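This report describes a single protein chain, with attention to its helices, its salt bridges and the exposure of selected residues. The sequence and the model follow.

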Amino acid sequence: MAIASEDLKFTLQEVLDTFKSCLSEHKEVFLEHYVAGWRGLVRFMNCLGSVFSFISKDAVNKIQILVNHLNGENGAHYVTIQSMVKYELDSQLVDLTKRGSFPESGCRTLLRLHRALRWLELFLERLRTSTEDSNTSVMCSEAYNESLAQHHAWIIRKAAGTAFWALPGRATFFDVLNVGSPEQVMAVLGDTLPLISEVYKVTEDLYAQNNILELP
Ligand SMILES: CCCCCCCCCCCCC/C=C/[C@@H](O)[C@H](COP(=O)(O)O)NC(=O)CCCCCCCCCCCCCCC
């Protein structure tokens with residue numbers, strides 16, 4: 001499976017690099033790189049098996065909505081998350097209290113990925129501090145229950161919970177990451193996590209300031 005391994009190696013490095021290039025010096029988040037980071041994550045998730053495909057389908061769908069905004073005629077307003085929020089709110093392109101005319105607004109679409117980024121942060125932090133006998137399914141569901149689950153209906157929580165049990169064990173998971181020894185995996189996670197946390201925090205603050213953390 002040399003090709004799959006190469007692919008994974010590339011993906012992890014890509015995730016690291018894209019999250020690195022997400023933030024401008026003024027702490028703006030470039031949407032193009034944010035989306036690229038998600039593409040890398042999804043590619044990685046696809047290698048974990050087809051039980052995750054209902055999750056990656058939703059992520060891909062949301063990534064595509066954002067790419068369409070970026071490439072659309074108003075693309076210039078979508079260069080950063082900050083400019084997107086300002087443009088969509090000023091132009092009243094966001095459903096604020098109930099779903100209506102703008103089911104594909106950039107603001108509500110990105111919010112879903114943003115919440116998933118919190119799951120990722122919690123999961124990777126658990127992975128980084130795990131020991132040989134830690135269980136990836138448990139780490140994954142704990143991270144999920146502390147974050148995304150609160151925003152999901154019962155049926156989605158149930159499906160996600162079932163999929164988590166199909167995750168490979170820690171040793172296999174680390175092999176699949178293909179960065180080298182467990183120590184090297186820990187080091188890469190240690191490099192990646194602060195970048196992801198920072199992007200998460202900047203986005204969270206922006207959404208809080210604009211009072212759009214609960215968009216329908
Ligand atoms: C590693 C195993 C992957 C576990 C992923 C944990 C997240 C579980 C999410 C379950 C989502 C189920 C699909 C449907 C979701 C939607 O209902 C729901 C709401 O959308 P709506 O308001 O438009 O209706 N959508 C969402 O919340 C967005 C979910 C996006 C999930 C993306 C997950 C990507 C995970 C990437 C894993 C990479 C691991 C990398 C390790 C180095």
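## Annotated domain and helical architecture

The UniProt record, an unreviewed entry, places the feature "domain: Glycolipid transfer protein" at residues 31-178. UniProt positions are given in the numbering used here, feature names are shortened, and annotations may be inferred rather than shown by experiment. The model is predicted: local features need pLDDT of at least 70 and side-chain atom pairs count only at pLDDT 80 or more, while totals for chains, interfaces and linings use all residues. Residues are numbered from 1 along each chain as its sequence is written, and side-chain values use heavy atoms, with hydrogens and water left out.

Over residues 31-178 the chain is 66% helix and 0% strand, where helices (H or I, at least four residues) and strands (E, at least two) are DSSP runs numbered from the N terminus. The end C-alpha atoms of this stretch are 28 Å apart.

Helix α2 covers residues 31-46, and its end C-alpha atoms are 22 Å apart, in agreement with the 22 Å expected for 16 residues at 1.5 Å a residue. The expected span is 1.5 Å times one less than the number of residues in the helix. The buried residues of α2 (buried: under 20% relative accessible area; exposed: over 50%; partly exposed: in between; 1.4 Å probe, protein chains only) include Y34, W38, L41 and F44.

## Helix α5 and its salt bridges

Helix α5 is mostly covered, with 19 of its 23 residues buried. For α5 the expected span is 33 Å, and the end C-alpha atoms lie 32 Å apart, which agrees.

A salt bridge is a side-chain nitrogen of Lys or Arg within 4 Å of a carboxyl oxygen of Asp or Glu; by this rule the count comes to 9. Three of these pairs are tabulated below.

| Pair | N to O distance | Relative accessible area |
|---|---|---|
| R115 and E214 | 4.0 Å | R115 11%, E214 62% |
| R118 and E121 | 3.2 Å | R118 29%, E121 12% |
| E125 and R128 | 3.0 Å | E125 32%, R128 33% |

In the salt bridge between R115 and E214, R115 lies in helix α5 and E214 in the segment after α9 (182-209), so the pair ties together parts that are 99 residues apart in sequence. R115 is buried, whereas E214 is exposed.

R118 and E121 both lie in helix α5, 3 residues apart, about one turn of the helix. R118 is partly exposed, and E121 is buried. Leaving aside its neighbours within four places in sequence, E121 is in contact (heavy atoms within 4.5 Å) with L193, I196, S197 and Y200.

E125 and R128 are likewise separated by about one helical turn, being 3 residues apart in helix α5. Salt bridges that share partners also join R126, E142 and E146 into one network.

## Exposed positions elsewhere

W154, I155 and I156 form a nonpolar surface patch with about 340 Å² of accessible area together. Patches are made of residues with over 30% relative accessible area and no salt bridge, like charges being joined within 9 Å and nonpolar side chains (Val, Leu, Ile, Met, Phe, Trp, Tyr) within 5 Å; accessible areas come from the Shrake-Rupley method with a 1.4 Å probe, and for residues only the protein chains shown count as cover. I155 belongs to helix α7 (residues 154-164) and is exposed, at 56% relative accessible area.

D17 is located in helix α1 (residues 2-21) and is partly exposed, at 37%.
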